[in-house]
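Subject: Structure handover

Dear colleague,

I am passing on the structure we discussed, and below it I have set out what was found when its features were computed. Please read the notes with the structure open beside you.

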Amino acid sequence: MMNGEISKSSSQQLSIENAKQLLNSVDAFLFDCDGVIWKGDKLIDGVPQTLDMLRSLGKKLVFVTNNSTKSRKKYAEKFHSLGIPVNEDEIFSSSFAAAMYLKVNDFPREKKVYVIGEEGILEELKLAGFTALGGPADGKKNPELKSNCLFEHDKSVGAVVVGLDQYINFYKLQYGALCIRENPGCLFIATNRDASGHLTDLQEWPGAGCMVAAVCGATQKEPIVVGKPSTFLMDFLLQKYNITTSRMCMVGDRLDTDILFGQNAGCRTLLVFSGVVNESAFQDLSKELQVQPEYYTNSVSDILKYV
């Protein structure tokens with residue numbers, strides 16, 4: 001379903017000349033959130049004005065985030081609290097992607113889903129009509145490590161979804177691992193594999209990739225990844241917007257998720273240095289990962305400055 005192919009051979013710094021060219025060639029901008037729109041609960045300077053300008057020019061704005069801790073509804077509330085008017089249907093989160101993966105693949109309604117993650121996944125699963133277990137509530141539980149003590153798990157769990165989880169513990173790892181290893185046909189789904197992220201404005205924190213890696217280690221299995229760089233969410237974007245991917249631009253702060261997602265889908269790509277990847281590390285990391293954005297710049301607000 002992807003359309004168009006963009007050259008990956010070289011990157012250009014965004015400038016007055018090529019920013020106008022980019023703007024004229026794009027009908028929709030896809031924005032990552034953490035490190036692009038905000039850091040933690042703090043907006044990045046110039047973002048609201050840039051988004052307003054793009055909307056005034058008739059550009060579609062879509063927000064594609066790998067952070068699964070919130071549902072689309074909660075993300076819309078966060079945008080509004082920061083003074084940015086965004087509709088729920090403009091947000092595509094990895095929590096939503098996990099629920100939609102089960103839905104489009106006809107996951108049996110009688111089966112349950114065990115969640116190593118937070119409320120965002122639970123809420124999206126419920127909205128999609130699935131029964132979910134685990135989540136933050138299991139963060140308070142401790143397994144009994146005693147002789148002749150069997151750890152019981154629900155045999156009707158047909159999928160384990162793993163995302164960012166600040167409440168992760170030994171109990172959850174054991175529960176999820178048992179379901180994957182012992183329940184016939186149990187799916188292992190990862191919202192994303194980001195190693196780290198800006199959960200606060202001053203520091204990076206461990207990302208969902210750490211939780212996913214723990215489950216991989218316990219089960220010796222690899223997950224189905226539904227967030228970026230997987231293009232699973234692009235199918236939903238293409239259904240909603242009558243725009244070819246070659247006229248979309250993915251704006252993100254990570255090469256291995258945001259930019260690779262854009263390239264995999266055939267989008268234009270713009271890397272910003274306001275999040276995970278900084279300018280000093282960009283060239284070496286780009287060579288190491290073999291991922292080249294089409295354009296790079298300091299922050300989203302440079303679009304406004306150059307245009």
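Of the residues that line the largest cavity, 22 in number, D34, N67, D194, S196 and G197 are the ones nearest its centre. Please bear in mind throughout that this is a predicted model. The elements that contribute two or more residues to this lining are β11 (196-197), β12 (205-206) and α9 (255-265), and the space enclosed in the largest cavity comes to about 210 Å³. By class, its lining consists of six nonpolar, nine polar and seven charged residues.

The two domains

The domain assignment divides the protein chain into domain 1 (12-66 + 229-305) and domain 2 (107-225), and the C-alpha centres of domain 1 and domain 2 are 30 Å apart. In the contact there are 10 residues from domain 1 and 11 residues from domain 2. The largest cavity takes at least three of its lining residues from each of domain 1 and domain 2, and the lining of the largest pocket likewise draws at least three residues from each of domain 1 and domain 2.

The largest pocket and the second cavity

The largest pocket has a volume of about 340 Å³ and a lining of 18 residues, with T69, E118, L164, Q166 and L199 nearest its centre. Two or more residues of that lining come from each of α3 and β12; β12 also gives two or more residues to the lining of the largest cavity. The pocket lining divides into seven nonpolar, five polar and six charged residues.

When the whole structure is searched, two cavities of 30 Å³ or more are found. The second largest cavity, with a volume of about 40 Å³, is lined by L14, A19, L22, L23, F29, I303 and V307. Helix α1 (residues 16-25) gives the most to this lining, namely three residues. In terms of class, the lining of the second largest cavity has seven nonpolar residues, no polar residues and no charged residues.

The seven-stranded sheet

Seven strands make up an open sheet with parallel pairing, and their order across the sheet is β1-β16-β15-β14-β2-β5-β6. At its edges are β1 (12-13) and β6 (91-93), each of which pairs on one side only. Helix α2 (residues 47-56) packs on this sheet, where it touches β2 (28-31) and β5 (60-65), and its direction makes about 135° with that of β5. Helix α3 (residues 72-81), which also contributes to the lining of the largest pocket, lies across β5 and β6 and runs at about 125° to β6.

Within the sheet, strand β15 (residues 268-272) and strand β16 (residues 295-297) run parallel and are joined by three bridges. If you would like a place to look at this pairing, L271 stands opposite Y296 in β16.

The five-stranded sheet

A further open sheet, again with parallel pairing, is formed by five strands in the order β8-β7-β9-β10-β13. Its edge strands are β8 (131-134) and β13 (224-225), each pairing on one side only. Strand β9 (residues 157-162) pairs in the parallel sense with strand β10 (residues 187-190) over four bridges, and the bridge partner of V161 in β10 is I189.

Two helices can be described against this sheet. Helix α6 (residues 170-182) lies across β7 (112-116), β8, β9 and β10, and runs at about 145° to β7. Helix α7 (residues 208-219) packs on the sheet with contacts to β7, β9 and β10, and its direction makes about 155° with that of β10.

One loop residue

Which residues does S156 touch, not counting those up to four places away in sequence? S156 has its place in the loop between β8 and β9, and the residues it touches under that condition are K111, K112 and N183. The C-alpha atoms of S156 and E110 are separated by 7.8 Å, although the two residues are 46 residues apart along the chain.

With best wishes

Methods:
Residues are numbered from 1 along each chain as its sequence is written. This is a predicted model: local features need pLDDT of at least 70, side-chain atom pairs count only at pLDDT 80 or more; totals for chains, interfaces and linings use all residues. Side-chain values use heavy atoms; hydrogens and water are left out. Two strands pair if DSSP finds at least two bridges between them. Contact means heavy atoms within 4.5 Å. Axes are lines fitted to C-alpha atoms, for helices over the stretch in contact, and angles run from 0 to 180 degrees between N-to-C directions. On a 1 Å grid over the protein atoms alone, a cavity is a set of points where a 1.4 Å probe fits but cannot get out, and a pocket is an open set with protein on both sides within 12 Å along at least five of seven lines; lining residues have an atom within 4 Å of a point. Grid points are joined across faces, edges and corners, and a volume is the space filled by probe spheres set on the points. Ala, Val, Leu, Ile, Met, Phe, Trp, Tyr, Cys and Pro count as nonpolar, Asp, Glu, Lys and Arg as charged, and the others, Gly among them, as polar. Domain bounds come from an automatic or database domain assignment.
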